[in-house]
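Please look over the sequence and the structure below before reading on. The paragraphs that follow go from the whole chain to its strands, its sheet and its cysteines.

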Amino acid sequence: MARNDGPRINEEITSRTCRLIGIDGSQMGLFGVRDALRIARDQGLDLVEIAPNAEPPVCKMLDYRKFKYEQDRKAKAARKNQAKVEVKEMKFRPKIDVGDYETKKGHVMRFLKKGARVKITIMFRGREMAHPEQGRMVLDRLAEDLKPFATVEQQPLMEGRNMHMTIVPIKGAFDEKPKDADENVTTEKEN
């Protein structure tokens with residue numbers, strides 16, 4: 001039964017001839033697959049078809065388990081280094097009060113500090129649908145307040161009863177500034 005998870009190895013190779021590559025990467029020439037398989041087995045290695053579409057196919061002698069293990073390690077390292085971007089959502093209302101606005105703005109700042117994208121949603125109910133400009137004003141005010149820390153990735157867009165805007169943090173906007181410089185300025189002003 002043929003496997004679908006990788007290259008064909010040993011008896012799974014279907015062609016009659018192949019171009020054989022040694023363990024050190026040197027080309028050994030054209031061989032029949034049976035002869036190449038015998039040479040690989042004599043050295044305690046597997047015959048792996050690495051270029052099945054070439055004419056003739058290219059096969060390499062190697063320890064397949066070791067090769068597969070190294071491939072898995074490389075894939076795991078690549079996944080580990082991959083940056084996962086998180087999208088957080090904060091919901092506002094068009095008639096939000098100043099205290100609630102400041103609290104929610106603080107939550108958005110916290111999300112941005114952690115490096116997450118933030119989707120801002122304005123929810124409209126009932127007669128509020130007649131005045132989408134109020135929701136737009138809230139979004140514009142928030143974008144203006146967060147200008148030093150974030151940029152607007154997706155401009156406000158009305159979808160049904162909701163208006164959405166996406167913001168992303170600016171790299172380096174939340175980096176700590178040296179406190180010594182601030183202290184020197186205040187001592188100079190005092191003198």
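**A walk through the chain**

The accessible surface of the chain comes to about 13700 Å², and carbon and sulfur atoms account for 49% of that surface. The model behind this value is a predicted one, and the description that follows should be read with that in mind. Of the 191 residues in the chain, 28% are buried. Among the contacts between residues at least 6 apart in sequence, 54% join residues that are at least 24 apart.

The chain holds five helices and eight strands, and these elements follow one another along the sequence in the pattern β-β-α-β-β-α-β-α-β-α-β-β-α. Strands of a sheet pair through backbone hydrogen bonds, in either a parallel or an antiparallel way. Both kinds of pairing appear in what follows, beginning with strand S1.

Strand S1, residues 17–21, pairs in the antiparallel sense with strand S2, residues 27–32, over five bridges. Within this pair, Cys 18 has Phe 31 in S2 as its bridge partner. The two strands belong to a hairpin with five residues between them, where Gly 25 takes a positive phi near 95 degrees. S1 also pairs with strand S4, residues 58–62, but here the sense is parallel and three bridges are involved; in this pairing Arg 19 stands opposite Val 58 in S4.

Further along the chain, an open sheet of four strands has the order S5-S6-S8-S7, and its pairing is mixed. Which strands stand at the edges of this sheet? They are S5, residues 87–92, and S7, and because each has a single partner strand, one side of each is left without a neighbour in the sheet. Direction ignored, neighbouring strands of the sheet are turned by 20 degrees against each other on average.

At one end of that order, S5 runs parallel to strand S6, residues 117–123, and six bridges join the two. Phe 92 stands opposite Ile 122 in S6. Two helices pack on this sheet. Helix H3, residues 98–113, touches S5, S6, S7 and S8, and its direction makes about 175 degrees with that of S5. Helix H4, residues 132–145, likewise touches S5, S6, S7 and S8, while its direction makes about 10 degrees with that of S8.

At the other end of the order, strand S7, residues 150–159, and strand S8, residues 162–169, pair in the antiparallel sense over seven bridges. Val 152 stands opposite Ile 167 in S8. S7 and S8 form a hairpin with two residues between them, and Gly 160, which lies in the turn, has a positive phi of about 60 degrees.

The cysteines bring the reader back to strand S1. A search of the whole structure finds zero disulfides. Why is Cys 18 not bonded to the closest cysteine, Cys 59? The sulfur of Cys 18 is 3.9 Å from the sulfur of Cys 59, which is too far for a bond, because a disulfide requires two cysteine sulfur atoms within 2.5 Å. Seen from the other side, Cys 59 is in no disulfide either, and the nearest cysteine sulfur to it is that of Cys 18. Are these two residues buried or exposed? Cys 18 is buried, with a relative accessible area of 0%, and Cys 59 is also buried, again with a relative accessible area of 0%.

Conventions. Residues are numbered from 1 along each chain as its sequence is written. This is a predicted model: local features need pLDDT of at least 70, side-chain atom pairs count only at pLDDT 80 or more; totals for chains, interfaces and linings use all residues. Side-chain values use heavy atoms; hydrogens and water are left out. Two strands pair if DSSP finds at least two bridges between them. Buried means under 20% relative accessible area, exposed over 50%, partly exposed in between (1.4 Å probe, protein chains only). Axes are lines fitted to C-alpha atoms, for helices over the stretch in contact, and angles run from 0 to 180 degrees between N-to-C directions. Contact means heavy atoms within 4.5 Å. Accessible areas come from the Shrake-Rupley method with a 1.4 Å probe; for residues, only the protein chains shown count as cover.
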